[in-house]
Amino acid sequence: MKKKAKETMKDIKNKTKNFCKRVKEEHLIIEYCKNNVLFLTFVITCLINSTMLRFFTMNTIENYLAFKPILADVAILIIFGSFGYLLKPKNRFPYYLVLEIFFTFICMVNSIYYTFYTSFASASMLSLTQFIAPVGDAVVENVLQAKDLLYLIGPILLICVHVHLKKRKYYRRIELKKERKQHMLKTLITGGVLIVIFIITLSSLEIGRFAKQWNREYIVMRFGIYVYQFNDVFVSLQPKINSMFGYDKAKKEFTEYFEDKKEEPENEYTNIFEGKNVIVIHAESMQTVALNRSFNGIEVTPNLNRLSKEGIYFSNYYSQVSVGTSSDAELTFNTSLMPTKNGTAFVSYFDRKYVAMPALLKEKGYYTFSMHANNADFWNRRVMHQNLGIDKFYSKETYKVNKENTIGLGLSDKSFFEQSIEKMKKIKEKHDKFYGVLITLTNHTPFSSVDKYDPYEVNIKETVTNEEGVEEEVVYPYMEGTKLGNYFKSVHYADAALGEFLDALDKNGLLENTVFVLYGDHDGRLPKKDYERLFNYDKTTDSILDSSDPNYQEFDSYQYELNRKVPFIIWTKDQKFSKEITNVMGMYDAMPTLGNMLGIKNPYALGHDIFNIKDDNIVVFPNGNWMTNKIYYNSQKGEYLSLDGDAISEDYINEKNKYTEKLLSVSDNIIVFDLLNDDQAENDKKGS
Ligand code: GP9
Ligand code: MN
């Protein structure tokens, strides 16, 4: 057996050696180039175009040295080009010209689009003419630049090569049908092999992002513009395909659900903030675990702690995000709907009708705005914020971002807040009431920019008296060097930025007649083992306590889920509520609860006003898990953790499971089948 394998290896070696020798001696490469001029011109010019596009758009060293997009581009071009060999030589030019124009078009459109939007074009945006039309003229006037025309060199070169070949009677060659087929197959296989090599080099993160397709720059940088664009068409068509089947059933279920749903009654909080300005902080990855926690006597979040003590603090509040993370949090907070089962609402279903908090406040005369110092196309916010009823989205292009004020993903929170205050002062001058949401950025995974903030130590320091009677400081590393430790440092920075922001708001009179709201958008996706260290640290051994130790605190997958909760705080400068709400609550309960205070109602809310539902509340998660004050139920495993130690009946679980399934289905159908649009149209008809 071993001998046979050895012989085969030897055989392959010899064959390769002979082939290389032939290539050298018979000038096979030169021969190949001579015989495939048109095909090669097509591949090379299109490759130059796609590389040029990446150079002109994402101007970073990382991008210059990127090999993967080149591999992907070459593979795609070879595969498309291979079919040209099925045609007779004289008919190939039109085929390659059409392809060349098509690929050049992709590069040009993206080049122009990038100048305007700092992102890449998406087929899904074709249906967005109502949002894009107003900027159409501006594109021609201000955006079309000389570099966008450079891509035309590709087709021009192809035409020149064709004219030259024609003169040299290149097309008069006779090729048999069988030969042509063989040629095509060989070329196609080469392209296929390159694709396989490319796929092997991909990481799971790259594959995951490719499937979601929202981080467009990332995908173009790894997969090249051509693969990006084909995938984009596929992803853009998905919502259309999903909404083609099952409309009647969805509509029936929807109607029944809302017929059965009881209207929220009024309570002591109804309209208490009617007419007040609203400032909402979407706090990136802010988790409740950081609140009321100290290291060496210094609080991680002194400002949030103060707000939570003075305001209304919902201390058992859970984010309900799916793959859409930040954008899902925005969706659920503002509409009381759940994230979609497939794709994300912000990216795949941006053209649906939503009943959202900003839009309802707009109807009451509010000016609505959002501020976030990242690219406006990130999570498709440019489009979705408008759809949710936001008058103006102040995105990255309205902020001064440079090396000095950048931390991690982009503009530091401190600089973001400083610059936002200036914008808010102007807004206040012009509008008598406003609703504004500020989306922070610094406290974003991987929390590794620790050297960029003021030092905050997450170790344990103790003063001990040594044998000679001298006092000494002993340091135990505790959370230093762990991801969770870095997270606390990052949160400490985010909290300090928030504190400065509150001071500046106060100084500028922006806290008068204003409700200040803060929510953590989702957890920081921190390692379980770091929590185990946090709760079970044994400083004498610098390790985790043994599970047999009486002080050992169990931290299993349920504890992990429970720890993912995020803060939700409603605070005003002049009214001290000092109230903690401990009933479990989901992001989808924010709109009914806060809406009731502001005097707005969303008849299609899936959550509840916590002051009405109280102890009876249920938090449904997108994966089908759910929790109440009594239990956390894991639907994948069909197991649960009792939270109050009481036995749970099967009926209780069955009933809640049914509720969860119905709610998730209704929510998804509302978005996929655009049911709010239809329902409103029907109501309008009835009214007229
Ligand atoms: C991006 C920021 C982070 O602009 O909001 O998004 P996330 O990665 O948390 O979804
Ligand atoms: Mn986020």
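In this predicted model, the charged end of Lys-423 is placed over the ring of Tyr-399, at 4.3 Å from the ring's centre. A second contact of this kind involves Arg-222, which lies over the face of Tyr-218 at 4.0 Å from the ring centre.

Aromatic rings also meet one another, and the structure holds 50 aromatic pairs. One of them joins Tyr-487 and Phe-488, whose ring centres are 6.0 Å apart. The planes of Tyr-487 and Phe-488 stand at 55° to each other, and the pair is tilted. Tyr-487 has a relative accessible area of 0% and is therefore buried, since buried means under 20% relative accessible area. Phe-488 likewise counts as buried, because its relative accessibility is 0%.

Another pair is formed by Phe-621 and Tyr-632, with ring centres 5.9 Å apart. Their planes meet at 35°, so this pair is tilted. The pair of Phe-621 and Tyr-632 links distant parts of the chain, the two residues being 11 residues apart. Phe-621 belongs to the loop between β19 (619–620) and β20 (626–627), whereas Tyr-632 is in strand β21, which comprises residues 631–634. Phe-621 and Tyr-632 are both buried.

Beyond individual pairs, the reader may turn to a group of rings. Phe-39, Phe-42, Phe-80, Tyr-85, Tyr-95, Tyr-96, Phe-102, Phe-103, Tyr-226 and Phe-230 form one aromatic cluster. This cluster is made up of phenylalanine and tyrosine residues, including Phe-39 and Tyr-226.

Notes: Residues are numbered from 1 along each chain as its sequence is written. Chains are lettered from A and ligands numbered from 1 in the order in which they are written. This is a predicted model: local features need pLDDT of at least 70, side-chain atom pairs count only at pLDDT 80 or more; totals for chains, interfaces and linings use all residues. Side-chain values use heavy atoms; hydrogens and water are left out. Rings of Phe, Tyr and Trp (its six-membered ring) pair if their centres lie within 6.5 Å; planes under 30 degrees apart count as stacked, over 60 as edge-to-face and the rest as tilted. Buried means under 20% relative accessible area, exposed over 50%, partly exposed in between (1.4 Å probe, protein chains only). Helices (H or I, at least four residues) and strands (E, at least two) are DSSP runs, numbered from the N terminus. A charge sits over a ring if NZ of Lys or CZ of Arg is within 6 Å of the ring centre and within 35 degrees of the ring normal.
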